[in-house]
Structures are given as structure tokens and as C-alpha cells.
Amino acid sequence: MILLITGGAGFIGSHVGRRLSSEGHRIIILDDFNDYYDPSIKRANVARHLPDATVIEGDIRDKAAVERSLAGGIDAIIHLAARAGVRPSIGDPELYISTNIQGTFNLLEGARLHGVRHFVFGSSSSVYGVNEKVPFAEDDLIQSTISPYAMTKLAGEQMCSNFSHLYGIRCTCLRFFTVYGPGQRPDLAIHKFTDLIHRGEPIEMYGDGTTERDYTYIDDIVDGVCAALHYEDKLFDIFNLGESETTTLKSLISEIGGALGKEPVIRQLPDQPGDVPRTYADISKARGILGYRPRTKIPEGIPKFVEWYLSE
């Protein structure tokens with residue numbers, strides 16, 4: 001297949017692209033290499049993982065760039081490009097709305113015009129908001145989100161639903177639960193904590209450390225994305241991709257310190273607006289339909305990440 005991966009130079013995108021390229025698919029990347037974090041990291045991802053990919057440098061908000069990426073004929077789009085992060089979205093919601101909503105619309109419209117058969121959308125566990133029911137299931141009623149980032153991801157899912165219903169485009173939405181592993185973005189907690197603990201600097205812990213996350217190792221996410229690419233049962237569907245286990249913030253910091261052989265120095269700060277107290281994936285649907293079987297739990301995944309970090 002000829003596959004367009006938006007955000008293909010990023011953490012998740014480059015891992016997905018490498019796997020699909022190894023399976024014989026032709027990969028086209030659309031990425032704007034923005035400065036949310038060091039663009040040289042993304043360029044290195046492409047050089048290391050996807051040397052044979054066609055790279056189009058452009059913004060998904062730019063209809064001309066989207067058109068260029070689709071002009072050669074595309075079998076499926078894996079849409080991972082987005083402005084990420086809950087806290088930054090509160091500071092600049094307009095940027096998140098223009099990128100994550102308008103950009104997603106541009107890609108869906110391009111898919112319609114060019115006859116793309118399948119649109120795989122990278123959504124987020126953030127859409128569940130402060131969900132009292134655990135674990136979170138795809139059919140849970142979502143009545144509110146608590147950050148602009150989460151709102152844009154839910155809007156993206158709804159656009160996929162619209163295009164699927166109106167134009168017959170197969171759309172599969174994947175709700176990722178806190179992805180980590182080698183190559184993780186430097187602004188994300190596990191990478192940031194590892195760097196600070198390694199250098200003997202204090203880490204900022206928001207709240208009392210009892211917040212819980214369902215941390216998902218990158219290889220397991222890639223397995224889920226690849227399985228979803230071949231999903232054909234319904235024109236529109238949603239799947240959770242997580243480990244279906246939770247880890248408290250305190251425990252996560254302890255795991256990282258143990259893998260580094262260093263005692264973390266913690267600076268406790270108040271809870272942050274937009275942060276949810278818990279994420280926890282019910283993956284029974286993905287397991288039953290996609291054959292999704294996450295294998296790497298935190299006690300194995302953190303040492304793997306730390307080994308990569310030290311090698312870099």
C-alpha cells in the first residue's frame with residue numbers, strides 16, 4: 001500500500017512508519033517540523049527510521065501542502081499530526097483549534113476528493129475527561145472535556161464520523177493512552193523526569209503524586225495502529241489503545257529513579273488545570289476485534305527507555 005503518515009517525523013509517527021516500511025509499504029510523510037520541540041530530533045527520526053520515505057515538509061493547515069501529499073494516489077492516511085499537550089493548549093487554544101480541527105478537516109476533505117479508502121485518526125484518552133467510571137470504555141458517555149487539546153481530539157473523532165457517514169470513507173479512531181518509549185518527545189513526563197534525575201536536578205511533581213496514568217509502550221501502540229490499518233468491519237469505529245494498567249505518579253518517579261540508580265529529588269507543586277486524576281483503558285474491544293495484545297508493562301518499559309536515554 002501507499003500510506004500517508006501525517007506527523008510521520010514525530011515520536012509515534014516515525015515508529016509506525018518504520019514498522020510499515022519494513023512490511024513493504026511505501027511511506028509518504030507530511031510534517032511541518034515545527035519548533036514545539038527541537039526540529040532536529042524529528043529530522044533525525046526520519047534519517048534513522050525512514051530513509052526511503054518520501055518527505056513533504058508542510059503544515060496540515062495548508063490545503064496546498066495536503067494536496068501535494070495526496071497527489072500521487074494514497075491507499076490510506078494515518079493521521080498523527082497534531083499540536084499536542086494539555087497544558088500548552090490552555091495557553092494557546094487558537095493554535096490547537098486551527099491545527100487539530102482545521103488541519104484534520106483538510107485531510108478528511110482531501111481523502112474524500114482523492115478517493116482514499118481508509119483514514120486512521122490518532123485520538124487521545126484525554127477525550128474522556130474526568131471520567132468516574134473505570135476503566136474507560138469506548139461507549140462511555142462523554143459529556144465534557146477539560147482542556148482545549150481534549151476538545152480538539154473529540155472534534156476530530158466527530159469529523160471522522162461525519163465523513164464516514166456522508167461520504168463512505170472508512171474512519172478508525174484510536175484513543176492513545178500516554179505513550180512512551182525510545183524516542184519519546186523531550187517535553188513528556190518520562191523523558192523529562194529521566195533527564196532531570198540523571199543530572200541530579202529536582203523534578204516538579206504536580207499534586208500529591210497519587211494521579212494515575214495508563215502508560216503505553218510504543219511497540220504496543222504500533223501493534224495497535226498496524227492492526228487498525230487492516231480493520232474493515234465497520235465504516236466508523238473507535239478503539240482504546242493502552243496497557244490497561246495504571247501507575248501512580250509517585251510510582252513512576254520511583255521506577256525511573258531505580259532504573260537510573262539515583263534517588264529522585266522532588267519539588268511538589270499544586271495540581272495543574274486541565275490534568276485529569278486518572279486514565280485507565282478498557283482494551284477488551286481492541287483485544288477482541290483487532291487482536292491487540294499489549295506486552296510491555298512499566299517495570300519492563302522504563303528500563304528500556306532509560307537504556308535508550310543513556311545511549312543517546
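How many aromatic pairs does the rule for rings come to here? The count is nine, where rings of Phe, Tyr and Trp (its six-membered ring) pair if their centres lie within 6.5 Å; planes under 30 degrees apart are called stacked, over 60 edge-to-face, and the rest tilted.

## Ground rules

Keep in mind that this is a predicted model: local features need pLDDT of at least 70, side-chain atom pairs count only at pLDDT 80 or more, and totals for chains, interfaces and linings use all residues. Residues are numbered from 1 along each chain as its sequence is written, and side-chain values use heavy atoms, with hydrogens and water left out.

## Overall build

The protein has 11 helices and 13 strands. These are DSSP runs numbered from the N terminus, with helices being H or I of at least four residues and strands being E of at least two. The C-alpha trace spans about 55 × 40 × 40 Å along its principal axes. The radius of gyration is 19 Å, which agrees with the value near 20 Å for a compact globule of 312 residues; that rule is 2.2 Å times the number of residues to the power 0.38, and the radius is taken over C-alpha atoms.

Of the 312 residues, 54% count as buried. Buried here means under 20% relative accessible area, exposed means over 50%, and partly exposed is in between (1.4 Å probe, protein chains only).

## Aromatic pairs

Back to those nine aromatic pairs. One of the pairs is Tyr96 with Tyr149: their ring centres are 6.5 Å apart and their planes sit at 90°, so it's edge-to-face. Tyr96 lies in helix H5 (residues 93–114) and Tyr149 in helix H6 (residues 148–167), so the contact ties together parts that are 53 residues apart in sequence. Tyr96 is buried at 2% relative accessibility, and Tyr149 is buried too, at 11%.

Phe163 and Tyr167 make a tilted pair, because their centres are 5.2 Å apart and their planes are at 55°. The two are four residues apart in helix H6, so about one helical turn separates them. Phe163 is buried at 7% relative accessibility, while Tyr167 is partly exposed at 43%. Add Phe105 and you have one aromatic cluster of Phe105, Phe163 and Tyr167.

## Charges over rings

Two arginines are worth a look. The charged end of Arg43 sits over the ring of Phe33, 4.2 Å from its centre, and the charged end of Arg87 does likewise over Tyr206, at 4.3 Å from the ring centre. To qualify, NZ of Lys or CZ of Arg has to be within 6 Å of the ring centre and within 35 degrees of the ring normal.

## Strand S6 and its partners

Which residues point each way from S6? Arg170, Thr172, Leu174 and Phe176 go one way and Cys171, Cys173 and Arg175 the other, and all are buried. That's seven of the seven residues in this strand (residues 170–176), so S6 is largely enclosed by the rest of the structure.

S6 pairs with strand S5 (residues 118–124) in the parallel sense over seven bridges; strands pair if DSSP finds at least two bridges between them. Val120 has Thr172 in S6 as its bridge partner. S6 also pairs with strand S11 (residues 236–241), again in the parallel sense, over six bridges. In S11, Phe236 is opposite Cys171 and Asn240 is opposite Arg175. Five of the six S11 residues are buried, so this strand is largely enclosed as well.

Together, S5, H6 and S6 make a right-handed β-α-β unit. Right-handed means that, with the strands pointing away from the viewer, the path from the first strand over the helix to the second runs clockwise.

## Helix H8 and Ser251

Helix H8 (residues 218–229) has 12 residues and reaches 17 Å from first C-alpha to last, close to the expected 16 Å at 1.5 Å a residue. That expected span is 1.5 Å times one less than the number of residues. H8 is mostly covered, with nine of its 12 residues buried, including Ile218, Asp220, Val225 and Leu229.

Ser251 is in helix H9 (residues 249–260) and is partly exposed, at 36% relative accessible area. Its C-alpha is 38 Å from that of Ile27, and the two residues are 224 apart along the chain.
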